[in-house]
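I've opened a new page for this one. Here are my notes, in the order I looked things up.

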Amino acid sequence: MSALIEARNLVKVYNGVAAVDDISFYVSTGECFGLLGPNGAGKTTTIRMLYGFSPISRGRLTLFGQDIRKHWRAIKGRIGVCQQDNTLDPDLTVEQNLLIYAGYFSIPAAEARARSAELLAFFALTHRKDAKVMELSGGMARRLILARALVNRPELLILDEPTTGLDPQSRHQVWDKIAALKKKGLTVLLTTHYMEEAASLCDRLMIIDHGKILVEGGPEDLINRYAGRQVIEIEGADASLRTYLSDHGAQLDDLGEKLIVYTSGGSDLHRTIQEEFCTERCTFRNGTLEDVFLRLTGRELRE
Ligand SMILES: Nc1ncnc2c1ncn2[C@@H]1O[C@H](COP(=O)(O)OP(=O)(O)OP(=O)(O)O)[C@@H](O)[C@H]1O
Ligand SMILES: [Mg+2]
């Protein structure tokens, strides 16, 4: 697979402060790549450089093998973008939003109408095509934003938090659509705060914080490396258990009232905790990407 996106030592400085601070990564053709990180980590800033909205401060960024500084116009035509905010025109109808957008890419009117009809059907919006955007629910609006991003038949789809604020039904529907598009060969780059979304959709992902990359890898790989396959949550752990864990060099997070112990599962450590220390206040579960995220970025609130 060839690299569709290649970023080398990418930097974005705002008012003397690096919002994206020397990051290097690639995205291969046909893969779904996730960009994760707490609020303010630099995800949107990175994405804005990728689609040529925000000039890069330093480094090198190529898409489709072309330098973004020189070829941003050509690159833009091959990308579909869903921005973090709702950028639909509220005064226009659902269908008009697609047709006007198609105009930006100089798509002939008949072709634009055909594509709109196809996309409205794909996103289950045909019955609302004459509705005003402001009459749509949040889920429908998000589906329309996705449809609009596909009007120019992009090879790369960039999604900045595509499911934030949606109910579980709408979120699953959007996931199904993204998975279907990926199956058709579309390359997808997405940001999300839903770890379940990243784990199920992304082939690879990276977690960034304060503009820097913390880790990069496949979801399972990251879980095995930074959390462990099995997690034991222990409430009110007594001194003997704490001593045992410390003596055996257990990987754990101590939240005071609660201990979170990360194990590889099936180990002696895991068995001993289960058999000798866990009476009632233990919960056993699989390690998740959320464990990885919290272990690497901490539990403190961000502004
Ligand atoms: N146009 C701008 N001018 C100045 N600073 C900015 C600008 N855009 C972003 N920043 C700053 O850059 C940093 C990264 O912001 P960014 O929007 O990329 O974060 P994010 O990871 O997308 O966060 P969120 O999860 O909240 O969307 C923040 O400190 C933010 O205040
Ligand atoms: Mg953002």
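Which residues surround ligand 1? Before answering, I jot down that this is a predicted model. I went round the ligand and listed Y14, N15, A19, G37, N39 and G40, then A41, G42, K43, T44, T45 and Q84.

Next I sorted that shell by class. I got eight polar residues, three nonpolar and one charged around ligand 1.

Which helix gives the most to the shell around ligand 1? I found that helix α1, residues 43–50, does, with three residues.

Then I turned to D268. I located D268 in helix α10, which covers residues 268–277. Is D268 buried or exposed? I counted 9 other C-beta atoms within 10 Å of D268, and 12 or fewer makes a residue exposed, so D268 is exposed.

I also checked D268 against I223. In sequence the two are 45 residues apart, and from C-alpha to C-alpha I get 20 Å in space.

Last, I stepped back to the whole protein chain. I noted 14 strands and 11 helices. The C-alpha trace spans about 75 × 45 × 35 Å along its principal axes. How much of the chain counts as buried? My note says 36% of the 303 residues.

I finished with contacts in the protein chain. Taking those between residues at least 6 apart in sequence, I see that 70% join residues at least 24 apart.

Technical notes:
Residues are numbered from 1 along each chain as its sequence is written. Chains are lettered from A and ligands numbered from 1 in the order in which they are written. This is a predicted model: local features need pLDDT of at least 70, side-chain atom pairs count only at pLDDT 80 or more; totals for chains, interfaces and linings use all residues. A residue is near a molecule or strand if its C-beta atom, placed from the backbone, lies within 6 Å of it. Helices (H or I, at least four residues) and strands (E, at least two) are DSSP runs, numbered from the N terminus. Ala, Val, Leu, Ile, Met, Phe, Trp, Tyr, Cys and Pro count as nonpolar, Asp, Glu, Lys and Arg as charged, and the others, Gly among them, as polar. A residue is buried if 20 or more other C-beta atoms lie within 10 Å of its own, exposed if 12 or fewer, and partly exposed in between; C-beta atoms are placed from the backbone. Two residues are in contact if their C-beta atoms, placed from the backbone, lie within 7 Å.
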